[in-house]
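I opened the model today to look up side-chain pairs and a few single residues. My notes follow in the order I took them.

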Amino acid sequence: MSFPAVASIPTPLPASNPPGWRERLARRPLGAGTWLGLGLLAAYLVVALSALVRFGGSLAQLSTNNVWVPPFAVLGPSWAHPFGVLTGFGTDLFTALWQATPWDLSIVAGILAIDAALGWVLGALAGLNEGGILDTVVMFVGDTLGSIPSFFLVVALFAGLGTVAPHSVGLPVFIVLFGLVIWPATARTTRERARSVARQPFLESARASGAGQGHLLLRHILPNSLSPLLSQIPIDVAPIFFVLTVFPWFYDCSSGPHGAPGVPLPPYLVPVLPPFSPLPYVNFPEWGNLLAMGTCEGIPFATGAVYWWMFVFPLIGMLGLGVAIALLCDGIDRRLSRAQA
């Protein structure tokens with residue numbers, strides 16, 4: 001007598017836990033450049049936080065010492081003053097750059113945040129709605145703004161607001177205006193990527209399944225359009241420091257020498273703020289302001305002497321931040337590319 005075969009019940013497989021951050025990092029390790037960028041940004045943040053603790057209520061005012069202003073001796077780097085003394089301001093340059101770090105990080109972060117948000121979202125929306133009204137409006141506004149040099153446009157807009165409402169403009173308004181001016185480059189490159197993504201089969205399948213525009217934008221278009229944003233952000237750092245430096249430089253260098261008669265020392269300059277400057281006063285700690293003054297004082301063409309520390313250290317502060325942002329953005333972009341491959 002034969003018995004019917006009994007089907008064996010398969011043993012359920014143990015539930016697999018999602019990989020943790022260590023496992024994900026091991027699968028796609030960060031490169032040396034990414035770690036360097038993270039380290040540099042972390043160092044800037046530590047310096048900024050320590051400045052907030054160290055200077056407190058005096059953070060927005062450079063400390064000055066009349067003994068360090070010519071016709072007294074020009075002081076270079078030493079153990080007492082590692083970065084030397086900026087004689088026009090009569091301030092220790094190491095302390096001045098330390099004070100300026102939280103201000104400059106805030107300025108750059110604010111402008112880039114507005115630039116990235118507008119350029120990324122508007123460019124993605126334009127690419128998703130290629131040929132539509134939204135695409136036409138975004139590209140028309142972006143191309144109109146992009147046809148004017150950003151540094152000139154932001155200064156003109158800021159000066160116009162300063163004329164209409166002189167007591168209402170300042171650094172916050174400058175940050176907002178700058179972000180509103182430089183987003184078109186990000187939007188155009190993002191739009192091109194979004195157009196390509198919008199034509200992919202998986203997006204057509206999502207549309208056929210009833211996904212709305214909001215779902216398509218958040219789930220597919222924006223995540224797949226990060227690469228143009230990450231490529232553009234480092235480029236947008238340079239115009240910020242250009243505007244913060246070049247106009248004070250013109251006014252500082254044109255203020256002329258004020259050397260004491262009969263004293264065989266190089267002429268020195270009195271710091272001057274240009275009209276409608278976003279800075280509240282001339283001895284406000286900001287890297288561009290320090291670089292402008294340091295360049296004019298550090299290369300006095302009348303004597304041929306070069307006081308290199310006055311402009312090299314502020315320049316290093318700017319370049320270091322730009323390099324840190326570029327390395328981090330490149331590392332994130334490479335990691336996303338490997339994940340999508």
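I count a salt bridge where a side-chain nitrogen of Lys or Arg is within 4 Å of a carboxyl oxygen of Asp or Glu. The model is predicted, and I kept that in mind throughout.

**Entry 1: salt bridges**

I looked up how many salt bridges there are, and the count is six. I began with Arg191 and Asp135, whose side chains meet in a salt bridge at 2.7 Å, N to O. Arg191 lies in helix α6 and Asp135 in helix α4, so this pair ties together parts that are 56 residues apart in sequence. I then checked whether these two are buried or exposed. Arg191 counts as buried at 11% relative accessibility, and Asp135 is buried too, at 5%. The cut-off for buried is under 20%.

Next I took Arg199 and Glu130, which meet in a salt bridge at 3.0 Å, N to O. This pair links distant parts of the chain, 69 residues apart: Arg199 is in the loop between α6 (171–198) and α7 (201–208), and Glu130 is in the loop between α3 (93–128) and α4. Arg199 counts as exposed at 53% relative accessibility, whereas Glu130 is partly exposed at 37%.

I also noted Glu192, which forms a salt bridge with Arg195, the closest N and O atoms being 3.0 Å apart. The two are three residues apart in helix α6 and therefore separated by about one helical turn. Glu192 counts as partly exposed, at 35% relative accessibility. Which residues do shared partners join into one network? I find Glu130, Asp135, Arg191, Glu192, Arg195 and Arg199 in it.

**Entry 2: aromatic rings**

I counted 14 aromatic pairs. In one of them, the rings of Phe151 and Phe242 have their centres 5.1 Å apart and their planes at 70 degrees, so I logged the pair as edge-to-face; the cut-off for that class is over 60 degrees. Phe151 is in helix α5 (residues 150–164) and Phe242 in helix α10 (residues 237–253), so far as sequence goes 91 residues apart, and the pair links distant parts of the chain. Both rings belong to partly exposed residues, Phe151 at 31% relative accessible area and Phe242 at 38%.

I also traced a cluster linked by ring pairs, made up of Phe55, Phe83, Phe94, Trp98, Tyr307, Trp308, Trp309 and Phe313. Arg54 lies over the face of Phe55, at 5.0 Å from the ring centre.

**Entry 3: the loop between α10 and α11**

I looked at two residues here. Leu273 is found in this loop and counts as partly exposed, at 22% relative accessibility. Leaving out residues up to four places away in sequence, Leu273 touches Tyr251, Leu279, Pro280, Tyr281, Val282 and Asn289. From Leu273 to Asn289 I have 8.7 Å, C-alpha to C-alpha, with their positions 16 residues apart in sequence.

Asn283 is found in the loop between α10 and α11 (287–298) as well, and is buried at 14% relative accessible area. Apart from neighbours within four places in sequence, Asn283 is in contact with Ala60, Gln61, Leu62 and Phe89.

**Entry 4: a surface patch**

Last, I looked up a nonpolar patch on the surface, formed by Ile133, Val137, Phe140 and Val141. Together they have about 420 Å² of accessible area. Phe140 sits in helix α4 (residues 133–146) and is exposed, with a relative accessible area of 60%.

Technical notes: Residues numbered from 1 in each chain as written. Predicted model: local features only at pLDDT ≥ 70, side-chain atom pairs only at ≥ 80, totals over all residues. Heavy atoms only, no water. Patch = residues over 30% accessible without salt bridge, like charges linked within 9 Å, V, L, I, M, F, W, Y side chains within 5 Å. Areas by Shrake-Rupley, 256 points an atom, 1.4 Å probe, with all protein chains shown as cover. Helix = DSSP H or I, 4+ residues; strand = E, 2+ residues; numbered from the N terminus. Buried < 20%, exposed > 50% of the residue type's maximum accessible area, 1.4 Å probe, protein only. Phe/Tyr/Trp six-rings, centres within 6.5 Å; stacked < 30°, edge-to-face > 60°. Lys NZ or Arg CZ within 6 Å of the ring centre and 35° of its normal. Contact = heavy atoms within 4.5 Å.
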